[in-house]
Amino acid sequence: MNASVSVPALSIIIPAYNEERRLPRGLAQIRDYLASRHTAPGQVEIIVVDDGSKDRTAAIAQEWARELPSLRLVSNGENHGKGFAVRQGMQAARGRVALFTDADLSAPIEEADKLLAAIEAGNEVAIGSRAMNRALIFRRQSRQREMAGMIFNAFVRLFTGLPFQDTQCGFKAFVRERSRIVFEQQRIEGFGFDPEILFLAKRHGLRSVEIPVRWAHDPATKVHVIRDGLTMFLDLVYIRWNWLIGRYPKGRSEK
């Protein structure tokens, strides 16, 4: 078989930790999205990365693989963090474009069309944004969470020089081969990984664009404002330190 035919156009990566309740709904929405686009078999692959879940997340993914033959399960024996799971999924992906999304699909999967259009327009990274047009948010976070996000974004700009209004929306697409070095050099394994991969994309000259997307806050979010917010701030210091001591070389990582 011609190798170019066997390569999917798109890989959809879902990092999952204890997602037995939300994962079935998300996979159903992806199934319906692919059906509505009349996606040919083999054009899209779905990768669920089970990050050491204690519930039936892995079993549910395996059950859905019978309905979605393009679904693959990647399992970790223990929980490492969202950043670790996303990196693992990205490195397992085979698609020309790799998109990761949260299991709750806070950004509806239909919004992928916007990111893919931006990629087709010549960008190598397209990131969903809640901040560019807040009118697209149909279920808002608490005021405390929104303020925390704004403050964090100010620190992101200060420490990394990134121009984006929202680095934390869990909806991002990458031209996989061009972005390989980003995930090879990624070191942060928790919730603070987004600024790092965007910093690395900038450092390696990848053309990146921020796209406003529809979004709804899920009250079951696993991000704790104070505990995770402090860790994510320290991650920004870590990114800056890694850059200063040369841990992000402009070349293939040996990691």
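**Exercise 1. Classify M150 in this predicted model: buried, partly exposed or exposed? Then find its surface patch.**

Step 1. The relative accessible area of M150 is 36%. Buried means under 20%, and exposed means over 50%. M150 is therefore partly exposed.

Step 2. Place the residue in the fold. M150 sits in helix α6, which spans residues 143-160.

Step 3. Look for nonpolar partners at the surface. M150 forms a nonpolar patch together with M147, I151, F155 and L158. The patch covers about 450 Å².

**Exercise 2. Work out how enclosed strand β2 is, and which strand it pairs with.**

Step 1. Take the range. Strand β2 runs over residues 44-51.

Step 2. Count the buried residues. The result is 8 of 8, so the rest of the structure largely encloses β2.

Step 3. Split the strand by side-chain direction. V44, I46, V48 and D50 point one way. E45, I47, V49 and D51 point the other way. Both sets are buried, including the acidic residues D50, E45 and D51.

Step 4. Find the pairing. Strand β1 (residues 10-16) runs parallel to β2, with 7 bridges between them. Within this pair, I13 is opposite I47.

**Exercise 3. Describe the surroundings of N123, a loop residue.**

Step 1. Locate the loop. It links α5 (112-120) to β5 (125-129).

Step 2. Check exposure. The relative accessible area of N123 is 10%; the cut-off for buried is under 20%, so N123 is buried.

Step 3. List the contacts, leaving out residues up to four places away in sequence. N123 touches A118, V175, R207, S208 and V209.

Step 4. Compare sequence and space. N123 and Q144 are 21 residues apart along the chain. Their C-alpha atoms are separated by 34 Å.

**Exercise 4. Decide how the chain compares in compactness with a globular protein of its length.**

Step 1. Inventory the fold. The chain holds 9 helices and 9 strands.

Step 2. Apply the globule rule. For 255 residues the rule gives 18 Å, and the chain has a radius of gyration of 17 Å. The two values are close, so the chain is as compact as a globular protein of that length.

Step 3. Add the box. Along the principal axes, the C-alpha atoms fill roughly 45 × 40 × 40 Å.

Step 4. Check burial and surface. Of the 255 residues, 50% count as buried. The accessible surface is about 11,900 Å², and carbon and sulfur atoms account for 55% of that area.

Step 5. Check contact range. Take contacts between residues at least 6 apart in sequence: 82% of them join residues at least 24 apart.

Notes
Residues are numbered from 1 along each chain as its sequence is written. This is a predicted model: local features need pLDDT of at least 70, side-chain atom pairs count only at pLDDT 80 or more; totals for chains, interfaces and linings use all residues. Side-chain values use heavy atoms; hydrogens and water are left out. Patches are made of residues with over 30% relative accessible area and no salt bridge: like charges are joined within 9 Å, nonpolar side chains (Val, Leu, Ile, Met, Phe, Trp, Tyr) within 5 Å. Accessible areas come from the Shrake-Rupley method with a 1.4 Å probe; for residues, only the protein chains shown count as cover. A salt bridge is a side-chain nitrogen of Lys or Arg within 4 Å of a carboxyl oxygen of Asp or Glu. Helices (H or I, at least four residues) and strands (E, at least two) are DSSP runs, numbered from the N terminus. Buried means under 20% relative accessible area, exposed over 50%, partly exposed in between (1.4 Å probe, protein chains only). The radius of gyration is taken over C-alpha atoms; the globule rule is 2.2 Å times the number of residues to the power 0.38. Contact means heavy atoms within 4.5 Å. Two strands pair if DSSP finds at least two bridges between them.
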